[in-house]
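Subject: Structure for your review

Dear colleague,

Please find below the structure I am handing over to you, with its sequence. My account of what was found in it follows directly after.

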Amino acid sequence: MSIHDEVTRRRTFAIISHPDAGKTTLTERLLLFGNLIRSAGTVKGKKTGKYATSDWMEIEKQRGISVTSSVMNFPYNDYQVNILDTPGHEDFSEDTYRTLTAVDSVVMIIDATKGIEAQTIKLFKVCRMRGIPIFTFINKLDREGKEPFELMEEIEQVLDIETYPMNWPAGMGKRFLGIFDRYGEQFIKYNGNEEETVIPYAELDSPDYREMTEHASFSTAQEELELLDEAGDDFSREAVLKGKQTPVFFGSALAPFGVQTFFDTFVSMAPAPTPRKSTEGVVSPDNPDFSGFIFKIQANMNPAHRDRVAFLRVCSGKFERGMTVKLARTGKTIKLAQTQQFVASSRDTVEEAFAGDIIGVYDPNAYRIGDTLIEGKGDFEYAELPQFPPELFKKVTAKNVMKSKQFKKGIDQLVQEGAIQLFKHFRSESYILGAVGELQYDVFKYRMKNEYNVEVMLESIGERIPRWLTADKVDESLFDERNLLVRDREDNYLVLFKNEFSLRWFKDNHPDVELIDLFEVN
Ligand code: G4P
């Protein structure tokens, strides 16, 4: 198969959702399609403790995070599917955001009983910033939830994206009859936990289905469909690919119901890897020379070897194990001999990979997040990974002041690696760390102790809202502990506002001070 054909059949995506919306359940269904697991209920390491025997870093064991399940790949029909996990909850970290830089599309799960929740909004914003196409799966139709129109409106209002329902439910919960598949022009009948029945629209008149078609939920859904046809947005693949419209699918991951139709449509509509921006212009995925970038570094996966694995997204050419590549940042060449592909239950060696694939490369402490690796004469770097505004801030000090040298070295390296962000108090120069999730602090503490032999003390200054200042000169007297003035790594000033109220108060009272929200979506 040519490189072009290999690339065209790849679908690399992440599933984003708020905890409990059904990400694990849906992922399991997809893995079943890919024959990666034989029965549902095997992925969920958290509750079953399936991964207790694996050798990940101690902290991961405690939390039950599974690195193996962070990338899952399998062939499905004519496609090669790569699913990237986006950890949530207490496992939420900058890695969660960075993962989204390595995908070509996203599946957003919404719990029909709850609507849009906080974490979904955060992750959605990153997708929006990057123009990533988003496919929506509204889950738990087997339960009584919000009305479909209400859910559509919520998506449009809260997330500011056009919706196009690919299917439409008739009833919900106990009165759930099934879905009208607008795309395939068929009705998919819900039979509880039994297999669903697919009925072409033309056959719905059959007396066999009279009981169902005479049901009030059925006729209501028909009326709603007519309304959608008349007044709803038209489907536009172009808008979908630009991230301006989201195709919406209703279903139930648990039943399972509507999952197969959803996934079949998704793989056929989702984009294959597309060209990527670099310092030397756009690089096509078909380009014969291998290139890729590192979006995540996992330290100490195996405490016995203290190794680190860098997660690399292939962007062009063909990766072959043992090949020699150049690290664009330093110009040094590196042989990629130890590589891993991630499958749900094991870490297999990867022999070859193409654009869209994710491989794990052994990191001899040489890589940084955002690094570009290239084959041949090429000399370019992929666009830097964006910085994500932290929310949780903590002052950090070494327990033992005698260890200040190791303390500084450890912090320097971990910050450079992208494990955590560092800020300095504008006057005292004391260290303040910023993270998007609590996990980052746990990892930080653990690694400082295990790799640099320094015990650290962390003192929370709470959740803060960071806003960068544009002016070079800053009137320091405007700020205090509540609105803390700090400097970032590049010495830019920013203010850590205590809450929305203090931010608003400041804006009202100092309209001349320009504040930048790095996370603002245009
Ligand atoms: P997450 O990974 O997004 O956090 O969600 P997960 O799949 O773990 O699902 C959260 C809960 O919602 C689970 O129940 C799961 O069984 C349930 N669930 C997922 N999809 C559906 C659905 O389509 N319909 C219904 N009714 N429930 C669904 P739990 O009781 O918290 O976990 P468990 O003990 O059953 O595993």
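Helices H12 and H13 are oblique to each other, because their packing angle of about 125° falls in neither the roughly parallel, the roughly antiparallel nor the roughly perpendicular range. H12 covers residues 404–417 and H13 covers residues 438–452, and their axes lie 10 Å apart. The crossing of H12 past H13 is right-handed. On the H12 side, the contact is made by Gln 406, Lys 409, Gly 410 and Leu 414; H13 contributes Phe 444, Arg 447, Met 448, Glu 451 and Tyr 452. Sorted by class, this contact of H12 with H13 comprises four nonpolar, two polar and three charged residues. Please bear in mind throughout that the model is predicted.

I turn next to the sheets. Seven strands make up an open sheet with mixed pairing, in the order S2-S3-S1-S4-S5-S11-S6. Its edges are strand S2 (71–76) and strand S6 (162–165); each has a single partner strand, so one side of each is left without a neighbour in the sheet. From one strand to the next, the twist averages 25°.

Within this sheet, strand S1 (residues 10–16) and strand S4 (residues 105–111) run parallel and are joined by four bridges. Phe 13 has Ser 105 as its bridge partner in S4. Helix H6 (residues 118–130) lies across S1, S4 and strand S5 (134–139), and its direction is at about 160° to S4.

A further open sheet consists of four strands in the order S7-S8-S9-S10, with antiparallel pairing. Here strand S7 (167–170) and strand S10 (197–200) occupy the edges; since each has a single partner strand, one side of each is left without a neighbour in the sheet. The twist in this sheet averages 25° from one strand to the next. Strand S9 (residues 186–189) and S10 run antiparallel and are connected by four bridges. One of the residues involved is Gln 186, whose bridge partner in S10 is Pro 200. Helix H9 (residues 216–231) lies across S7 and strand S8 (178–181), at about 150° to S7.

As general background, strands of a sheet pair through backbone hydrogen bonds, and the pairing may be parallel or antiparallel.

The ligand site may also be of interest to you. Which residues come nearest to the ligand? Of the 16 residues around it, these are Gly 22, Lys 23, Thr 24, Thr 25 and Leu 254. Helix H2 (residues 23–33) supplies the largest share of the shell around the ligand, namely three residues. By class, the shell divides into five nonpolar, six polar and five charged residues.

Finally, two points of backbone geometry deserve a place in this account. Most residues other than glycine have a negative phi, and most peptide bonds are trans. Asp 20, which is not a glycine, nevertheless has a positive phi of about 80°. Asp 20 belongs to the loop between S1 and H2. The peptide bond from Ala 255 to Pro 256 is cis, and its omega is near -15°. Pro 256 sits in the loop between strand S11 (245–250) and helix H11 (259–269).

With kind regards

Key
Residues are numbered from 1 along each chain as its sequence is written. This is a predicted model: local features need pLDDT of at least 70, side-chain atom pairs count only at pLDDT 80 or more; totals for chains, interfaces and linings use all residues. A residue is near a molecule or strand if its C-beta atom, placed from the backbone, lies within 6 Å of it. Helices (H or I, at least four residues) and strands (E, at least two) are DSSP runs, numbered from the N terminus. Ala, Val, Leu, Ile, Met, Phe, Trp, Tyr, Cys and Pro count as nonpolar, Asp, Glu, Lys and Arg as charged, and the others, Gly among them, as polar. Axes are lines fitted to C-alpha atoms, for helices over the stretch in contact, and angles run from 0 to 180 degrees between N-to-C directions. Angles under 35 degrees count as roughly parallel, over 145 as roughly antiparallel, 65 to 115 as roughly perpendicular and the rest as oblique. A crossing is left-handed if the near helix is turned anticlockwise from the far one by less than a right angle, and right-handed if clockwise. Two residues are in contact if their C-beta atoms, placed from the backbone, lie within 7 Å. Two strands pair if DSSP finds at least two bridges between them.
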